[in-house]
Structure formats: structure tokens, C-alpha cells
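Thank you for making time for this today. I would like to take you slowly through one protein model, beginning with its interior and ending with its open pockets.

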Amino acid sequence: MALIARDLMVGNPKLAEMGYGEEALGHHAIAAGFQGQRAWTDYFPTGDFMEAILNSSFDWNGIREPYILATENDNLNGVTMLLGHLLTNAAQVFADVRTYWSPEAAKRVTGRELEGRAANGVIHLINSGPAALDGTGRQTKDGSPAMKPFWEISQEEAQACLDAVKWCPAIDFFRGGGYSTDFTTREGMPVTIARINQVEGVGPVLHLAEGYTVELPDEVHDVLDQRSDPTWPTTWFVPNLTGEGLFRDVYSVMSNWGSNHAAMSYGHVGGDLITLASMLRIPVCMHNVSDERVFRPTAWTAFGGLEPVGADYRACTAYGPLYK
């Protein structure tokens with residue numbers, strides 16, 4: 001399945017040798033999606049291995065640029081992954097924004113207090129196995145976890161990512177079998193989660209949250225992980241809070257997220273995403289980027305400089321989309 005998806009995206013000269021000249025050219029795809037799970041898995045295997053390995057910066061042939069392949073054919077999240085990849089040159093983690101764990105709820109089910117960055121609660125980013133293996137965070141920079149552009153990744157770092165992954169038989173509703181991936185992202189990575197939603201009457205709308213990955217003690221992680229699926233990769237995410245509005249607390253971020261999917265990029269790249277969105281005429285409805293890091297065309301002021309979110313919507317409507 002992984003080979004077929006790759007060949008559909010970029011082609012394969014071996015297909016020409018077999019007499020399939022047109023198919024050998026591929027579709028010149030910069031992103032793709034796979035409608036798997038319930039649609040396929042009555043008797044076909046889940047696409048988790050395909051998605052995990054293609055989204056990663058390495059495979060059996062060594063280190064290479066990651067492909068962008070969205071789970072559940074979620075093209076809006078696939079586009080968000082593509083934008084993140086083009087801005088950072090690194091792999092992207094596709095994840096469900098699955099669960100918000102408050103300090104009270106975590107203590108009730110584990111008997112332990114959440115500590116450190118997680119003290120105000122955490123968001124469980126988890127999906128059925130397709131997250132890029134780069135998401136383990138084992139590509140270290142001076143001992144700090146990272147996700148690097150593929151040309152900066154060493155063979156040792158790629159192997160460290162592979163060593164941190166457990167391949168688990170697909171369970172739950174995946175009756176066709178296959179392999180999911182299980183890993184836990186290392187603590188301390190600055191990351192940005194983002195998602196484009198399609199809003200009736202408006203069009204595409206971007207929202208994003210900058211924050212950090214955290215690790216929980218094993219006895220806490222194991223209990224909370226069992227509430228979803230322990231055979232899937234986990235990233236514990238804590239957004240940077242502003243104390244007001246949509247980023248008043250961790251729950252507010254989870255509550256206002258517009259979809260159960262997100263694309264996670266390494267680094268605090270929210271400012272870059274906001275600028276790119278303005279260039280494409282996609283309004284941004286939710287972000288926690290400080291004012292001094294937000295750069296939009298100066299013409300946006302004419303649409304309401306004292307109300308930047310509303311001005312963004314009005315300017316994007318007036319100038320019209322470039323993404324068409």
C-alpha cells in the first residue's frame with residue numbers, strides 16, 4: 001500500500017518497463033489523502049503503516065523528503081500539513097485533537113497531580129497510527145528534542161526515531177488487520193498545531209495554537225493512554241496561554257478547536273502561518289501569536305485596524321482568494 005500510494009503521487013519508472021507508461025509518470029502530487037478505516041477495513045488492512053512511513057523523513061531506502069499523506073482523506077488537514085512542511089521543511093504530525101485532561105480529572109483517574117507545564121491540563125494528540133515517525137522527537141539538537149529538515153537528519157537520528165516506535169497489530173474497528181505505530185513524543189519541543197476548516201459562506205478559515213510537548217510519568221501516561229488506544233502514537237500538548245479569550249486556559253483551546261484533526265509542526269511558526277494565510281486570503285479565526293510577531297499587509301489597517309480579526313476577514317473577502 002505504501003509503494004502504491006507513493007507511485008500514484010510521484011510515479012515510478014519501473015511501471016513504464018511493465019508497459020504502463022502513463023501510470024509511470026504519477027500525478028505530480030504535492031499532497032494526498034487516503035480514505036481508509038471504515039471504508040476499507042472490512043477485509044483490507046488499515047493504511048496506518050503507509051501513512052506513517054510516507055509522512056516520515058526516512059524509509060527503507062534511507063533519508064528523504066517526507067510525503068504529505070492525510071489520514072481519512074482529510075484534505076483540509078492535508079493542506080495544513082503541506083503549508084507547515086513548506087514553511088519548516090520538516091515532517092508534519094497528523095493527529096486527532098482527542099481529549100482534554102484537566103488537573104482534576106487526571107488526578108481522579110490516576111491519583112497523581114499533573115506537574116510542570118502540564119499543571120493546568122493537557123491535550124491528548126493521538127491518531128490511529130499514521131503520525132510521522134519524526135514526531136518521536138529523537139532528532140536531537142544539543143540534547144533537545146527536535147524535528148529537522150530531512151537534509152539535516154543523520155542516520156543515527158533516523159534510527160533513534162525507528163527504535164522509539166513499536167509496531168502494533170491494528171485493533172478496534174480495523175478488522176482487516178495491519179500495523180499501527182505506538183510512540184510518545186519527547187518533552188520540550190516547541191510546536192504549532194494548526195487546522196484549516198471550510199466554513200459555509202466564508203470559505204477556508206485557519207486556526208492555530210503554539211505550545212510545547214510534555215511527557216507524563218509512566219503511571220499517569222499509561223492510565224490516560226488506555227482511555228483512547230495504547231497502540232497509537234501519543235503527543236501530550238500544552239498550548240501557550242494568554243489568560244484571556246480563546247486562550248484563557250487549556251480547556252478553552254480544546255473547546256474552540258474547529259475539528260478533531262490538527263497538523264503539528266516543529267517550532268513556533270504561527271506568525272509565518274498567519275502571514276502565509278493573508279497572502280492566500282485565508283482569514284485566521286484563532287491564534288495565540290503575540291502582536292509583534294504578526295505581519296500582514298498594511299492594507300489590512302483600512303479594513304479595521306482596531307479590530308484585527310474582523311479586519312482579516314473583511315480584507316480576505318474584499319481581495320478574494322488566491323488559492324483558487
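What follows is a walk through a predicted model, taken one region at a time.

Let me begin with the core, and with a general remark: in soluble globular proteins, nonpolar side chains tend to be buried together. In this model the largest nonpolar core has 42 residues, and those with the most contacts inside it are I123, L125, I193 and M264. Helix 3, which covers residues 48-55, gives the most to this core, with 4 residues. If you would like one residue to follow on the screen, please take I193, which, leaving aside residues up to four places away in sequence, touches L125, H207, L208, A209, F237, W257, A262, A263 and M264. You will notice that two of the core residues I have just named, L125 and M264, appear among those contacts of I193.

From there we can turn to strand 6, residues 122-126, which is where H124 is placed. Is H124 buried or exposed? Its relative accessibility is 0%, and therefore H124 counts as buried. The side chain of H124 is joined to that of T234 by a polar contact of 2.8 Å. Again leaving aside residues up to four places away in sequence, H124 also touches, among others, D96, V97, R98 and T99, as well as L224, D225 and S228.

Now, what about empty space inside the protein? Rolling a probe the size of a water molecule over the atoms shows where empty space is left. Here the count comes to 3 cavities of 30 Å³ or more, and the largest cavity has a volume of about 40 Å³. Its lining includes L125 and T234, which we have already met, and also V93, F94 and A95. Strand 5 (93-101), strand 6 and strand 11 (234-239) each supply at least two residues of that lining, with strand 5 giving the most, 3 residues. Sorted by class, the lining of the largest cavity has 8 nonpolar residues, 3 polar ones and no charged ones.

Next comes helix 9, residues 270-280. Why do I call helix 9 largely enclosed by the rest of the structure? The reason is that 8 of its 11 residues are buried, including G270, L273, I274 and L276. The buried residues of helix 9 pack against helix 4 (75-88), strand 9 (190-199), strand 10 (203-214) and strand 13 (284-286). After helix 9 comes R281, whose phi is positive, near 70°.

Finally, let us look at the pockets. About 630 Å³ of space lies in the largest pocket, which is lined by 24 residues, with H287, D291, V294, R296 and P308 lying nearest its centre. Strand 13 and helix 10 (308-319) are the elements that give two or more residues to this lining, and the largest share, 3 residues, comes from helix 10. By class, the lining of the largest pocket has 12 nonpolar, 9 polar and 3 charged residues.

The second largest pocket has a volume of about 220 Å³, and of the 13 residues that line it, A5, L8, G33, F34 and M50 lie nearest its centre. Helix 1 (2-10) and strand 1 (32-34) each give two or more residues to this lining, and helix 1 gives the most, with 4. The lining of the second largest pocket divides into 11 nonpolar and 2 polar residues, with no charged ones.

Technical notes:
Residues are numbered from 1 along each chain as its sequence is written. This is a predicted model: local features need pLDDT of at least 70, side-chain atom pairs count only at pLDDT 80 or more; totals for chains, interfaces and linings use all residues. Side-chain values use heavy atoms; hydrogens and water are left out. Buried means under 20% relative accessible area, exposed over 50%, partly exposed in between (1.4 Å probe, protein chains only). A polar contact is a pair of N or O atoms within 3.5 Å; within protein, one must be able to donate a hydrogen and the other to accept it, and residues adjacent in sequence count only if both atoms are side-chain atoms. Contact means heavy atoms within 4.5 Å. On a 1 Å grid over the protein atoms alone, a cavity is a set of points where a 1.4 Å probe fits but cannot get out, and a pocket is an open set with protein on both sides within 12 Å along at least five of seven lines; lining residues have an atom within 4 Å of a point. Grid points are joined across faces, edges and corners, and a volume is the space filled by probe spheres set on the points. Ala, Val, Leu, Ile, Met, Phe, Trp, Tyr, Cys and Pro count as nonpolar, Asp, Glu, Lys and Arg as charged, and the others, Gly among them, as polar. A nonpolar core is a set of buried Ala, Val, Leu, Ile, Met, Phe, Trp, Tyr and Cys residues joined through side-chain atoms within 4.5 Å.
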